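Colleague: I should like to go through this model with you, beginning with its sheets and ending with its ligand. Please explain each term when it is needed.

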Amino acid sequence: MQIYWTKINKIIEETPEIKTYLVDCPEGLTWEEGAHIHLGLEGFNAGEKPNRSLVRHMSISTLPHENSIGITTRIKEQCSEFKSILRTLEVGSEVAIFKIHSNVPLKREDKNVYLLSSGVGLATFRPLVLDYFERADNVNQIHSLNVDSSKDFLFTNIFESASDKKFTSQFVDNRKDYYEEVKNLAADKDGLFYVVGSDEFLVQNIEVLREQGIKPEQIMLDKREQQLPEFLSFDLPI
Ligand SMILES: Cc1cc2nc3c(=O)[nH]c(=O)nc-3n(C[C@H](O)[C@H](O)[C@H](O)COP(=O)(O)OP(=O)(O)OC[C@H]3O[C@@H](n4cnc5c(N)ncnc54)[C@H](O)[C@@H]3O)c2cc1C
């Protein structure tokens, strides 16, 4: 496993609680839209075993041609050791990046694509949408639906409806409106539904989508293939 130590080159305050850390792209490193990394903080591999409290999975919120690896995360006042250290890092601080993998590349199957996310989960979808704007081949249209109770919505300059691009974006601030809208979107029985958020959020979305007749193979989760059956093969309650 290759570990890349690299430097933070910019920190963007997206909202009062959400920051994007842009880190230098190690030479030769590339990734697909929808990819995630392991982000390690100084000392994570100092002992015999890696210190898990200094490592987190993070989606890459940028595309390779943006020349930086973007990591977008929410840091609340009450937070983990990992986030409390991350919060103190500055431009020039070193972080480690390893194990890059994409579970959710944009499928180009001539279908309508629905991107369902909660909060900072939208970061996973930013590169998918940028990739689609650059090349819409074999994607009918994209619709994004994001729920964030803080009402401080992310990336609103990109997630802005544009009929010429066949892109629609919706932000809601409560779960009731969110699931009502998911039901409406699920009227498209041939769509592809990507879902990103907490495991509890995934389970609820899958339940609503399955109730509306969406099949497991139409639902894309940011999980490794081995983990998918845990979420996608279950019997609906009668
Ligand atoms: C494939 C994949 C991609 C991912 N991509 C991203 C991504 O792009 N961005 C991202 O942010 N996360 C992402 N995650 C999730 C990420 O790995 C972390 O699990 C998540 O950010 C939570 O971080 P944390 O454990 O450091 O907890 P925190 O975010 O610090 O805390 C989680 C919750 O617990 C509360 N809490 C924590 N500590 C305390 C305390 N001491 N006292 C009281 N309350 C406390 C916090 O307020 C918060 O509500 C991804 C996960 C996977 C598997």
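Modeller: Two strands pair if DSSP finds at least two bridges between them. Strands (E, at least two residues) and helices (H or I, at least four) are DSSP runs, numbered from the N terminus. The model is predicted: local features need pLDDT of at least 70, side-chain atom pairs count only at pLDDT 80 or more, and totals for chains, interfaces and linings use all residues. Residues are numbered from 1 along each chain as its sequence is written, and side-chain values use heavy atoms, with hydrogens and water left out.

Colleague: Which residue in β9 is the bridge partner of V147?

Modeller: Strand β8 covers residues 139-147 and runs parallel to β9. Six bridges join these two strands. The bridge partner of V147 in β9 is V172.

Colleague: In what order do the strands of the open sheet with parallel pairing stand?

Modeller: This sheet has five strands. At its edges are β9 (167-172) and β11 (219-221), each of which pairs on one side only. The order is β9-β8-β7-β10-β11.

Colleague: At about what angle does helix α2 run to β7?

Modeller: Axes are lines fitted to C-alpha atoms, for helices over the stretch in contact (heavy atoms within 4.5 Å). Angles run from 0 to 180 degrees between N-to-C directions. Helix α2 (residues 122-134) lies across β7 (111-118), β8, β9 and β10 (192-196), and its angle to β7 is about 155°.

Colleague: Why is one side of β4 and of β5 left without a neighbour in the sheet?

Modeller: Six strands form another open sheet, with antiparallel pairing and the order β4-β3-β6-β1-β2-β5. Strands β4 (55-59) and β5 (68-74) stand at its edges, so one side of each has no neighbour because each has a single partner strand.

Colleague: Which residue in β6 is the bridge partner of Y4?

Modeller: Strand β1 (residues 4-13) runs antiparallel to β6 (residues 94-102), and four bridges join them. In β6, Y4 has as its bridge partner I97.

Colleague: How far is an oxygen atom of the ligand from an N or O atom in the side chain of T73?

Modeller: There are 15 residues around the ligand (a heavy atom within 4 Å of it). Among those that come nearest are H57, T73 and Q78. A backbone N or O atom of H57 lies 2.7 Å from an oxygen atom of the ligand. For the side chain of T73, the distance is 2.6 Å.

Conventions
Polar contact = N/O pair within 3.5 Å; in protein donor to acceptor, adjacent residues only side chain to side chain.
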